[in-house]
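Hi everyone, thanks for making time this morning. Have a look at the structure on the screen, and I'll talk you through some spots in it.

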Amino acid sequence: MYQLTEVKRKSLKKLSYEGIISALAFDQRGALKRMMAAHQTTEPTVEQIEALKSLVSEELTPYASSILLDPEYGLPATKVRDEKAGLLLAYEKTGYDATTTSRLPDCLVEWSAKRIKEAGADAVKFLLYYDVDGDDYVNLQKQAYIERIGSECVAEDIPFFLEILSYDEKIADTNSPEFAKVKAHKVNGAMKVFSDSRFGVDVLKVEVPVNMKYVEGFSDGQVLYTKEEAAQAFKEQEAASHLPYIYLSAGVSAQLFQETLVFAAESGAKFNGVLCGRATWAGSVPVYISQGEEAAREWLRTEGFHNIDELNKVLEKTATSWESKIAK
């Protein structure tokens with residue numbers, strides 16, 4: 001159990017529905033540009049990116065408890081979201097320096113927790129790449145960086161959502177069988193580190209601790225985990241932190257993500273919701289590029305709605321209220 005200020009508690013309530021966070025993630029920048037560029041011959045324009053983010057925000061936030069956007073392209077989308085939907089804003093620069101294995105974090109230089117709050121956000125989100133077995137000095141820098149952001153959020157009395165993406169400095173491909181074998185250790189170890197109160201984190205946004213494509217009963221090919229072994233990884237994840245935590249979809253299909261949530265809950269993971277991005281809206285991108293705004297709007301109202309509605313139904317049966325982890 002941990003303490004929340006009254007202001008932070010109210011903010012978390014704005015971001016959730018009956019204690020469950022069913023948030024739409026659309027703070028992608030580099031990844032979104034690559035997705036759009038795959039369907040057109042020119043570089044995506046700022047106007048195109050802003051318009052698509054606004055479209056998704058307008059059409060899908062009536063069915064989400066909140067939306068995560070970025071201050072670079074997402075501010076117009078904050079204005080057209082459903083009035084009941086809470087708002088998270090990303091504080092990190094997109095991507096990382098691919099010439100090194102350190103993946104050091106970097107803030108958007110013209111933003112601060114204060115400015116994010118002034119822009120109307122109910123929470124600050126920051127993404128950190130972390131290898132729990134990585135270089136000690138690199139990890140020291142990352143920990144100090146998160147302490148700074150945590151202190152900012154404490155000063156502004158705004159919830160701090162830390163998104164942790166695990167990796168291995170020696171394994172280039174995080175979808176490989178090699179990484180799948182160590183993923184549970186990496187994910188759960190990082191959660192344990194950043195659950196320490198010195199970091200000021202209120203909610204962890206994390207990966208599921210196993211790559212389900214290598215799990216018995218979920219795999220089309222190579223099996224690295226039995227269902228029992230995968231379930232054990234989820235049990236260990238639950239034990240790794242006393243903080244509320246939510247899952248990211250990591251670009252998997254909507255169906256696999258929903259099946260994973262059911263498996264997680266059955267395995268004993270008391271997760272508190274999701275921040276789900278591409279699994280919900282990715283299909284709108286090629287439609288938007290090739291057929292235009294109205295066709296994309298129609299896709300969002302049908303396929304997009306179906307994806308988010310099905311996810312919400314799964315969350316009702318599987319997720320646990322974050323309030324159960326907060327000291328009264």
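Let's start with how the chain connects to itself. Among the contacts in the protein chain with a separation of 6 or more, 73% are between residues 24 or more positions apart. Please keep in mind that this is a predicted model.

What secondary structure does the chain have? There are twelve helices and eight strands in the protein chain. How does the radius of gyration fit a compact globule? For 328 residues, a compact globule would come out near 20 Å, and the protein chain has 19 Å, so the two agree. The C-alpha trace spans about 50 × 45 × 45 Å along its principal axes.

Now to burial and surface. Of the 328 residues, 57% count as buried. The area that the protein chain exposes is about 14300 Å², and 49% of that is supplied by carbon and sulfur atoms. For those of you who think in charges, the chain has 38 positive and 50 negative ones, and the mean positions of the two sets are 3 Å apart.

Next, the inside. The largest nonpolar core has 98 residues, and L162, L204 and Y247 are the ones with the most contacts inside it. Which helix gives the most to this core? That is helix 12, residues 293–318, with seven residues. Apart from this core lies another one, of five residues, among them L127, Y129, L165 and L248.

Let me stay with L162 for a moment. Leaving aside neighbours within four places in sequence, L162 is in contact with F126, L128, I146, F194, V201, V203, L204 and K205. In that list you'll spot L204, which also came up among the residues with the most contacts inside the largest core.

On to a proline in a loop. P209 sits between strand 6 (203–206) and helix 8 (227–240). Is P209 buried or exposed? Its relative accessible area is 0%, and buried means under 20%, so P209 is buried. And what does P209 touch, once we leave aside neighbours within four places in sequence? The contacts are K183, A184, V187, N188, A233, F234 and Q237. While we're here, K235 is 26 residues from P209 along the chain, and their C-alpha atoms are separated by 9.8 Å.

Q237 gives us a link to another spot, V154, which lies in helix 6, residues 136–156. V154 and Q237 are 83 residues apart in sequence, and 26 Å apart in space, C-alpha to C-alpha. Is V154 buried or exposed? With exposed meaning over 50% relative accessible area, V154 counts as exposed because it has 52%.

Now two serines, both in helix 3. The first one I'll take is S54, found in this helix, which covers residues 46–60. S54 is buried, with a relative accessible area of 14%. Beyond its neighbours within four places in sequence, S54 is in contact with P76, A77 and V80.

The other serine is S57, also placed in helix 3. At 0% relative accessibility, S57 counts as buried. Again leaving aside neighbours within four places, S57 contacts P62, I67, A77, V80 and R81. So if you're following on the screen, look at A77 and V80: they are in contact with S54 and also with S57.

A word on backbone angles. R103 is not a glycine, yet it has a positive phi of about 45°. You'll find R103 in the loop between strand 3 (86–90) and helix 5 (113–118), and at 12% relative accessibility R103 counts as buried. D157 is another non-glycine with a positive phi, of about 55°. Where is D157? It is found in the loop between helix 6 and strand 5 (160–166).

Last stop, E266. This residue is found in helix 9, residues 254–266. E266 is exposed, with a relative accessible area of 66%. How far is E266 from G95? In sequence they are 171 residues apart, and in space 34 Å, C-alpha to C-alpha.

That's my tour, and I'm happy to go back to any of these spots on the screen.

Note on methods. Residues are numbered from 1 along each chain as its sequence is written. This is a predicted model: local features need pLDDT of at least 70, side-chain atom pairs count only at pLDDT 80 or more; totals for chains, interfaces and linings use all residues. Side-chain values use heavy atoms; hydrogens and water are left out. Helices (H or I, at least four residues) and strands (E, at least two) are DSSP runs, numbered from the N terminus. The radius of gyration is taken over C-alpha atoms; the globule rule is 2.2 Å times the number of residues to the power 0.38. Buried means under 20% relative accessible area, exposed over 50%, partly exposed in between (1.4 Å probe, protein chains only). Contact means heavy atoms within 4.5 Å. Accessible areas come from the Shrake-Rupley method with a 1.4 Å probe; for residues, only the protein chains shown count as cover. Lys and Arg count as positive and Asp and Glu as negative; His and the chain ends are not counted. The place of a charge is taken as NZ of Lys, CZ of Arg, CG of Asp or CD of Glu. A nonpolar core is a set of buried Ala, Val, Leu, Ile, Met, Phe, Trp, Tyr and Cys residues joined through side-chain atoms within 4.5 Å.
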